[in-house]
Every structure is written in structure tokens, then in C-alpha cells.
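Trainee: I am new to this structure and would be grateful for a guided discussion. May we begin once it has been displayed?

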Amino acid sequence: MMFDLPNHDTLYAALCNRDDTYEGRAWVGVSSTGIFCRLSCPARNPKPENCQFFDSVGACIEAGFRACKRCHPLAPMAKAEPVIEQLLAALEIRPTYRWSEGDVTRMGLDASTVRRAFKRHFGMTFLEMARQRRLREGFTTLAKGGPVIEAQLDAGFESPSAFRTAFGKLLGQSPGSFAQDALLRADCIDTPLGPMVAVCDKHALHLLEFVDRKALPGSLKKLQTYAKGSLGFGRFGITDQVAAELDAFFSGNSAEFRVPLAYHGSAFTKDVWQALREIPAGETRSYSDMAGLIGRPSSVRAVARANGANQIALIVPCHRVIGADGSLTGYGGGLWRKQRLIELEQAYRDKSAA
């Protein structure tokens, strides 16, 4: 059962004292190692600025952390149900394998039983956990200078036709029913953090989102209404510019985006998005900071809503907004991506300071 976590200082003190008071109620993720632990872990204490505290193991996994091999934070769940122990062991052996329900069935396990067990203990299914693991392993490989492995692009599309089919499902249409010579055109752009959908017209970028974001279907339908149904597939020169600038960003060459943007929101929301673009790469702001920047210090909640409504990920850097206590807080693309983006942008801050 979830409970309200104490503040960062209280939990960090408990971690340093190896206090077991929060056993089963709080865990720590260490950004410098990518590992999450119990607060009673015997490992050397990390620096406080590298610690993020979570109220569930599932939240740790969703944020991109892997389980510590010293304090074994997954052990209580594994011991609670044999199917969990068996599958966690299998995942540890094959962390980059693309698991399916067929694999689970071939192990002699009932797929529905497995789904319920993992949802009960982790808030996610085994297949979702395995996918998180593949993505994390892929990012780690890339960060070390390795190639973009297949697992990184697990959520991607093997061909243009596969993208068209998936895109059509998001909007509840068949690929053949989309407008020809459409005003707005969508295409897929691969990135080290997973593929993104870019929607552009001849002059500007209207949407850039990770394909697995839950809000994506609703965002696309709004654009379809805006364009009076003139939404189809393909690229404009703007799409190529977005792809090139994203490539420069992820390769560490440039955090500057020059592509023209088309905002779809209220005047207040647009002010928030513009303020987000003024946060330098490698720096973060709190929601209250953002409210002050736009001259609306009492509108913290409205700022948070505008932040969450952002439809142009990375370029309008809503990932640079964190909680007042330093916690990552929510991110539509997944907390694990938010953490990886903040880590990646530290290199840009270091360059500017040099």
C-alpha cells in the first residue's frame, strides 16, 4: 500500500542510518549508479543530490532503475509468489530479450496469473517490466559508446507500413483512409530513448511525442480536428530538420533547436511553454520557479497543468521542471526518460561552464 513519503532529508537520514523503519514502504534510486535499494542497504551511502525516493518498487523500475544485488529489493515480492521469482530470474538471465506472452506460456505459466501477480506487486505487468529493462539496457549501451541495439528500438517500427498501421490504430482509422497531400503529415523519428512521432506542416512542427505516451492518441485527434481531417503520412522539410536537430542533441553536439514551432493552447499555456524553452540545458526549475518567471506566482498548479499538456517533447523541455524538493515528479514520456534526459544534459552544462 502506498503512503505519503516524508521529505528528502528525513529519508536520506534513514538511508545513512540504515534504518529499517521504512522497510517495504520506501526505496531509494541512485542516479549515479542507476540502482535502487532498500533504505537499509549495506552499500556505501550515496551523495544526497544523487538520491531519489520512491513509495513503490514499480515506481523505481518505471524511473529506469535496476535492483541492487546487495540488498535485493525485489526479494520479498519474489518470495511472495513463485511465478514472480521464476520470471525475475529469467529476466535477469536475458535482460535484452523481447519477451512475449507466448514465452510465459511455454514456461508452463498461466499468462493471466502472471499479469495479476506482477500488477499486484509492481503496478505493471511482466512484459512492461521486461520492456523497461530492454530500454534501460539499450540506453546504457549507447551511453558507453556502443551501437544502438535492437532492444532500444523495441517500441519502434520495422517499416514505413508498420508505422502507418500503428498510427492508424491510434486514430481509429485504416491507413488508406488518411488524406492524400495532407496539410499535416506524421512520420516516425528514431531516437536513443525510443521512437517519436513528429507531425509537421510545410512551415512548423506541431507535435513531437514518444510513441508510447498515453496521451498521444488524444493529442493526434485534436490535431486532426484542427486540420479539418487533413492529417496524413509523410515528411516535409521541417520533419528532416527536426530529425537532424534531435540527432545533434542526442550525440552531444548541440542542445539548440531552431525548428519553427506551432503551439496549440491558451495564451497562458503558450507563455509557460515559451518559458520552458528559456531553461538552459543542464539546468532545472521548480513549478513555483516557472510561475514566477511568467509573472504568475500564485498559479503553480496551472503551470503544472500547462507543463503536462506540452505536445512538443524535448524541444519544449518540460522534462527540466522538477519538484521543489528535487524529486522528478511526473513526465508523460516516463520518469525513466526524464531522468536520462537530465543526465544527458549534464554534459551541456559542463561544456558551458568550461
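**Helices, cysteines and loops**

Mentor: The face of helix α9 that points away from its buried side carries two exposed residues, Lys 222 and Thr 225. Please bear in mind throughout that this is a predicted model.

Trainee: Which residues of α9 are buried, and within what arc do they fall?

Mentor: Helix α9 covers residues 216–226, and its buried residues are Leu 216, Ser 219, Leu 220, Leu 223 and Gln 224. These buried residues line one face of the helix, because, viewed down the axis of α9, they fall within an arc of 140 degrees.

Trainee: Which residue with a positive phi follows α9?

Mentor: The residue in question is found in the loop between α9 and β8 (231–233). Its phi is near 55 degrees, a positive value in a residue other than glycine. Most residues other than glycine have a negative phi. With 81% relative accessibility it counts as exposed, since the cut-off for that class is over 50%; the residue is Lys 228.

Trainee: Is His 72 buried, partly exposed or exposed?

Mentor: His 72 is located in the loop between β4 (66–67) and α3 (75–80). Its phi is positive, near 50 degrees, although the residue is not glycine. The relative accessible area of His 72 is 43%, and values between the cut-offs of under 20% for buried and over 50% for exposed make a residue partly exposed.

Trainee: How are helices α4 and α6 oriented to each other?

Mentor: The axes of α4 (residues 82–93) and α6 (residues 111–122) come within 9 Å and cross at roughly 90 degrees. Angles of 65 to 115 degrees count as roughly perpendicular. The orientation of α4 to α6 is therefore roughly perpendicular.

Trainee: Which residues meet there, and how do they divide by class?

Mentor: From α4 come Val 83, Ile 84, Leu 87 and Leu 88, which meet Val 114, Ala 117, Phe 118, His 121 and Phe 122 of α6. By class, the residues in the contact of α4 with α6 are eight nonpolar, one polar and no charged.

Trainee: At what angle do the axes of α11 and α13 cross, and how many residues of each class make the contact?

Mentor: The axes of α11 (residues 267–276) and α13 (residues 300–308) come within 9 Å and cross at roughly 75 degrees, and these helices are therefore roughly perpendicular to each other. Helix α11 contributes Phe 268, Thr 269, Val 272, Trp 273 and Leu 276, while α13 contributes Ala 302, Val 303, Ala 306 and Asn 307. The contact of α11 with α13 thus has seven nonpolar, two polar and no charged residues.

Trainee: How many disulfides does a search of the whole structure find?

Mentor: A disulfide requires two cysteine sulfur atoms within 2.5 Å. Cys 37 is in no disulfide, and the nearest cysteine sulfur, that of Cys 68, is 3.9 Å away. The sulfur of Cys 71 is 3.7 Å from the closest cysteine sulfur, in Cys 41, which is too far for a bond. The number of disulfides found in the whole structure is zero.

Trainee: Are Cys 37 and Cys 71 buried or exposed?

Mentor: The cut-off for buried is under 20% relative accessible area. Cys 37 has 9% relative accessibility, and Cys 71 has 10%. Cys 37 therefore counts as buried, and Cys 71 likewise counts as buried.

Trainee: Where is Tyr 331 found, and which residues does it touch?

Mentor: Tyr 331 is found in the loop between β10 (321–322) and α14 (335–353). At 12% relative accessibility, Tyr 331 counts as buried. Leaving aside residues up to four places away in sequence, Tyr 331 touches Phe 210, Ala 313, Leu 314, Cys 318, His 319, Arg 337, Lys 338 and Leu 341.

Trainee: Which residues does Thr 284 touch?

Mentor: Thr 284 is found in the loop between α11 and β9 (285–286). At 31% relative accessibility, Thr 284 counts as partly exposed. Not counting residues up to four places away in sequence, Thr 284 touches Ile 279, Arg 320, Ile 322 and Ile 342.

Trainee: How far apart in space are Gly 237 and Asp 201?

Mentor: Gly 237 lies in helix α10 (residues 237–250) and is exposed, with a relative accessible area of 54%. Gly 237 and Asp 201 are 36 residues apart in sequence, and their C-alpha to C-alpha distance in space is 9.0 Å.

Methods
Residues numbered from 1 in each chain as written. Predicted model: local features only at pLDDT ≥ 70, side-chain atom pairs only at ≥ 80, totals over all residues. Heavy atoms only, no water. Axes fitted to C-alpha atoms, helices over the stretch in contact; angles between N-to-C directions. Helix = DSSP H or I, 4+ residues; strand = E, 2+ residues; numbered from the N terminus. Parallel < 35°, antiparallel > 145°, perpendicular 65-115°, else oblique. Contact = heavy atoms within 4.5 Å. Nonpolar A, V, L, I, M, F, W, Y, C, P; charged D, E, K, R; others polar. Buried < 20%, exposed > 50% of the residue type's maximum accessible area, 1.4 Å probe, protein only. Arc of directions from axis to C-beta.
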